[in-house]
Each structure stands twice: as C-alpha cells, then as structure tokens.
Amino acid sequence: MKKLAFLSAFCLLFLTAQAARAQQLDAAIGFGTMTATSGPVDLAGGNVVSQRGGLFPSISADVLFLHHHQIGVQGEVAWRASQNLYADTLPFRPILYDFNAIFAPRLGKRTQAEVMAGFGGEDLRFYGQINCTFVGCTDYVSSNHLTGHIGAGIRLYVWHNVFVRPEAHFYAIHNNNEFPSSNANRFAVSIGYSLKPGF
C-alpha cells in the first residue's frame, strides 16, 4: 500500500501543478466491483479462479485544458478492498492503475460525458510469502502486468461543483497467466468535485 500511496501522491502533485494552466481540474473517489471470466488455469493446479467480485474503491483526477476544456489527461487507481482467495488457498489482491487521454464534452448545463483511453498496469499481490529486496521486505509477492484501458462515464452535477459519476471500465491485461481471461471490467459510481471558473 506504500507504493500505491506514493503513486497516488505523485499523480495528484502532477495534476495540481498543471492546474495553474488548466481551466478545469476534477478529483473523485469511487466504489464499484469487477467482473471477469472464471475458470481453471494450470498455475492454480486446475482449480477455478477469478478476479470477479468484491468492493473496489478508486481515486481519480483529471485536468482538462484543450478545446474549451473538453480534452485533457486523467489518472486513476482502483484496488480490491479485501483480499480474495486464489484457488481457495492463497490470499491475493489486484490493484489497477492507468493514465489516459480524456475527452469530456458538455451534454447540458449540469451534465458532462467522459470517454478515456490509455495504458497502465495491474499489480497482483499474493500474500503469505516474505519478499525482500534492497528497499526492504514485504509480506507479499507481486505479479505485474501491462494493461490497456478504455473507460466512460457521465458526470451529473448535483450541487454546485459536486458531481456523481456512474462509470464503466474495460481492461485488456497482457500475459494474465494467473487467470483464464486477459479481460476484466470494472463498474463503479464516483463522487467528485470540479475546480473550474464560472460553474
């Protein structure tokens, strides 16, 4: 979780630094779940495994600065709140992070769409094993995968600059050998705040 906190702080610092030139800065916290294919894999001894289910909190932020504040950059992190069991024996937790180009056109006075695409990674943390490096020791071993990401959502401004955003995300996970499918979906609802003039 220390790496996750560092990554989140770094992204927030970068986005805040861009806010001086940007006309819109948005940040949100969300809660959702993941769907993915279940099935047996050789790594699990033929046992049925899946990444699906569980509560996935997330944090996200974006900066919109081109074409009347409709195009910008976005970053987010989502993780499973509790550990799951891999092959009914080994505790694990997936952490997903991505960096995207975002298109966010206005649909109405209090409604704004979001469409994004980019790349990121999945950090599968398998617990119960001590892993020591030159940085220190952890109680988990990570299996990292490159991901492609596509997402969409609708911001509904419910009070001043506060919005609620139903959203859907698709992940294409490279070399996802631990699970029967290289695809996963995350569905969530986020609550956020927009910093922008004249709204």
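A salt bridge here is a side-chain nitrogen of Lys or Arg within 4 Å of a carboxyl oxygen of Asp or Glu. I begin my notebook with that rule, and I note at once that the model I am reading is a predicted one.

**Entry 1: salt bridges**

I looked up how many pairs satisfy the rule, and the count comes to seven salt bridges. I then asked which residues are linked in a network of salt bridges. The network holds D26, D62, E114, R155, R165 and E167.

I followed E114 through this network. Its side chain meets that of R155 in a salt bridge, with N and O 2.5 Å apart. R155 lies in strand β10 and E114 in strand β9 (residues 111-132), so the pair ties together parts that are 41 residues apart in sequence. E114 also forms a salt bridge with R165, where the closest N and O atoms are 3.1 Å apart. This second pair again links distant parts of the chain, since R165 belongs to strand β11 (residues 162-173) and E114 to strand β9, 51 residues apart.

Are these charged residues buried or exposed? I found that R155 and E114 are both buried, and that R165 counts as buried at 3% relative accessibility. For E114 I noted a relative accessibility of 2%, and because buried means under 20%, E114 counts as buried.

I looked at one more pair, E76 and R186, whose side chains meet in a salt bridge at 3.1 Å, N to O. E76 is in strand β5 (residues 71-79) and R186 in strand β12 (residues 183-195), so this bridge joins parts that are 110 residues apart in sequence. Both partners are buried, E76 with a relative accessible area of 4% and R186 with one of 0%. As a reminder to myself, side chains of opposite charge can pair when their charged atoms come close.

**Entry 2: nonpolar cores and aromatic rings**

Next I looked up the largest nonpolar core, which has nine residues: V41, A44, V49, Y86, A87, F92, L124, F126 and F179. Apart from it lies another core of seven residues, including A36, L96, Y171 and A184. Within the nine-residue core I checked A44, which touches V49, Y86 and A87 when residues up to four places away in sequence are not counted.

I then searched the whole structure for aromatic pairs and found seven. In one of them, Y86 and F126 are arranged edge-to-face, 5.4 Å centre to centre and with 85 degrees between the planes. That pair links distant parts of the chain, with Y86 in strand β6 (residues 84-86) and F126 in strand β9, 40 residues apart. Y86 counts as buried at 7% relative accessibility, and F126 is buried with a relative accessible area of 9%. Another edge-to-face pair is made by Y157 and F163, at 5.5 Å centre to centre and 65 degrees between the planes, and both of these residues are buried. I also wrote down that Y86, F92, F126 and F179 form one aromatic cluster; each of these four names is in the nine-residue core as well.

**Entry 3: a nonpolar patch on the surface**

Finally I turned to the surface and asked which residues make the nonpolar patch of about 500 Å². They are L107, I154, L156, V158 and W159. Strand β10 (residues 137-159) gives the largest share, four residues, while L107 is found in strand β8 (residues 106-108). L107 has a relative accessible area of 54%, and because exposed means over 50%, I entered L107 as exposed.

Conventions: Residues numbered from 1 in each chain as written. Predicted model: local features only at pLDDT ≥ 70, side-chain atom pairs only at ≥ 80, totals over all residues. Heavy atoms only, no water. Patch = residues over 30% accessible without salt bridge, like charges linked within 9 Å, V, L, I, M, F, W, Y side chains within 5 Å. Areas by Shrake-Rupley, 256 points an atom, 1.4 Å probe, with all protein chains shown as cover. Helix = DSSP H or I, 4+ residues; strand = E, 2+ residues; numbered from the N terminus. Buried < 20%, exposed > 50% of the residue type's maximum accessible area, 1.4 Å probe, protein only. Core = buried A, V, L, I, M, F, W, Y, C linked by side-chain atoms within 4.5 Å. Contact = heavy atoms within 4.5 Å. Phe/Tyr/Trp six-rings, centres within 6.5 Å; stacked < 30°, edge-to-face > 60°.
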